[in-house]
Amino acid sequence: MALILVRYGEVAIKGAGTRSRMERLLMHNIISGLRGIGVNAKVIKSQGRLFVEVPDDRVKEGVDLISRVFGVKSLSPVKAYVFKELNDIVNAAIKEWSDLIKGRRFAVRVHRVGSHNFTSMDVAKAVGAALKPFSAGVDLERPDIELFIEIRGDRAYLFTEVINGPGGLPLGSEGKLLALISGGFDSPVAAWFMMRRGSYVDALFCSLAYPIDVINFLRVSHVLFSRWSIGYDPRLFIIDCSPLIGEFRAKADPHMWSVLFKRVLYEVASRVARSISALGIVTGESLGQVSSQTLHNLMAIEHGIDMPIYRPLIGLDKDEIMNYARRIGTYEESMRTEEFCAIFSEKPRTRVTIDELDNEFRKLDQNFINNLLNSVVTLRVSAAVKVIDELMLGTNDVEIDHVPENAVVIDLRSRGEYETWHYPGAVNVDVDKLVSTAESLGRDKIYVLYCSRGLSSRWGALELRRLGFKAFSIDIDKLRRSS
């Protein structure tokens with residue numbers, strides 16, 4: 001068996017009772033995560049440290065998983081030696097490192113816990129002197145390699161790597177939250193931040209363009225939670241919010257659609273959160289990033305919601321958020337996600353008052369929220385890949401790489417984007433008028449749709465197919481190259 005030394009930071013400074021509880025939870029999450037990838041492991045607690053025993057051939061996998069367990073500050077694969085005197089440690093260092101340091105300048109770093117007849121400096125000097133003949137010399141400031149020794153009781157642990165963990169608190173130490181996750185960059189990062197502070201996080205998604213946006217949501221959620229929610233299999237709540245499109249267009253001020261959509265989403269989320277005993281809602285809002293995230297609009301949106309709203313990204317800018325998305329692994333999947341713009345105005349209000357938003361909300365059917373909640377589908381993250389595969393079966397042939405002869409090409413982007421560039425002969429159509437436009441042009445034609453990132457065009461093609469049209473989606477970059 002190989003040994004991995006695990007350090008934890010914030011947990012170590014808690015009071016005795018809280019610390020003990022969090023240490024047990026941290027150990028449970030490590031064991032649970034390793035079992036989940038088929039690694040039988042044992043965790044041994046020491047003062048301020050955990051030692052994880054894993055099979056020799058699974059060290060790399062063990063290190064990778066433990067480096068993603070919340071509460072872990074850092075970790076190192078180590079070799080353990082029992083010693084009686086300082087010279088035993090020196091001999092162990094020569095055995096482990098004499099070949100490794102050939103032609104390299106090195107430094108020895110020592111940390112010691114317990115009572116010994118030598119100091120940490122004594123160990124560093126003795127080991128450094130013994131290894132120097134095998135090396136290019138000692139360099140404490142800019143070494144080619146650092147050699148670490150941690151001494152605890154009668155054991156010396158030798159290692160050369162310190163791998164950073166995410167830090168924070170053990171997952172599950174701070175209760176449960178419900179995150180609103182869209183599949184874009186911001187909301188998965190927000191959920192990650194709250195998991196990092198010890199909260200179990202379930203996720204809610206409001207689907208406007210089924211099944212395309214659901215596939216995107218599931219892909220992002222699977223990456224986020226399978227990598228980071230170690231020790232907990234989150235629930236994913238998917239709600240069919242497509243009826244909102246017609247309801248908003250028929251009854252609401254178009255300049256307030258974005259803010260009203262958020263208000264409806266908050267109301268739906270608060271009810272789902274209460275049903276699972278969650279202690280709050282998590283959103284990816286960043287102050288001033290878009291029109292619905294101004295101070296005025298955020299105040300109006302959350303008015304009347306009787307549950308805490310947590311916004312861990314509120315003070316971050318977009319570049320910072322995207323850097324975190326790269327770090328946690330959701331960046332690539334979020335890049336594939338496009339916002340479905342059917343109920344988002346081109347001229348949104350940035351200072352909606354509480355009274356104005358309440359009036360718009362009251363215009364909606366009084367049973368509207370209940371009807372949305374009746375559509376909820378719940379699954380675990382562990383089932384996401386299977387569901388993605390099932391949903392993809394119905395969309396595999398919707399994408400094409402060329403425009404068939406005599407096909408009607410439809411551009412679903414904004415008028416401004418269309419006028420800047422469009423495929424020759426393409427018709428510019430709003431998403432909500434797609435079906436009526438196709439009906440007017442005839443069912444005997446082939447329709448090829450495109451948009452900025454692919455969501456609207458794939459959804460539109462599937463919607464037309466559902467109604468009996470022959471329709472496809474094509475990537476806008478392919479059109480640019482072909483024209």
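**Exercise 1. Find which residue stands opposite Phe148 in S8.**

Solution. Phe148 faces Phe159 of S8. This is a predicted model: local features need pLDDT of at least 70, side-chain atom pairs need 80 or more, and totals for chains, interfaces and linings use all residues. Residues are numbered from 1 along each chain as its sequence is written, and side-chain values use heavy atoms, without hydrogens and water.

Next, place the strands. S7 covers residues 145-152, and S8 covers residues 155-159. Strands are DSSP runs of E with at least two residues, and helices are runs of H or I with at least four, numbered from the N terminus. S7 and S8 pair in the antiparallel sense over five bridges; pairing requires at least two DSSP bridges. Two residues separate the strands in this hairpin, where Gly153 has a positive phi near 65°.

**Exercise 2. Work out how S7 pairs with S5, and how covered S7 is.**

Solution. S5 (residues 105-113) runs parallel to S7, over eight bridges. Phe106 has Ile145 of S7 as its bridge partner. Now check cover. Seven of the eight S7 residues are buried, that is, under 20% relative accessible area with a 1.4 Å probe, protein chains only; exposed is over 50%, partly exposed in between.

**Exercise 3. Test the length of helix H6 (residues 212-228) against its expected span.**

Solution. The expected span is 1.5 Å times one less than the number of residues. H6 has 17 residues, so it should span 24 Å. Its end C-alpha atoms lie 25 Å apart, which agrees. As for cover, 14 of the 17 residues in H6 are buried.
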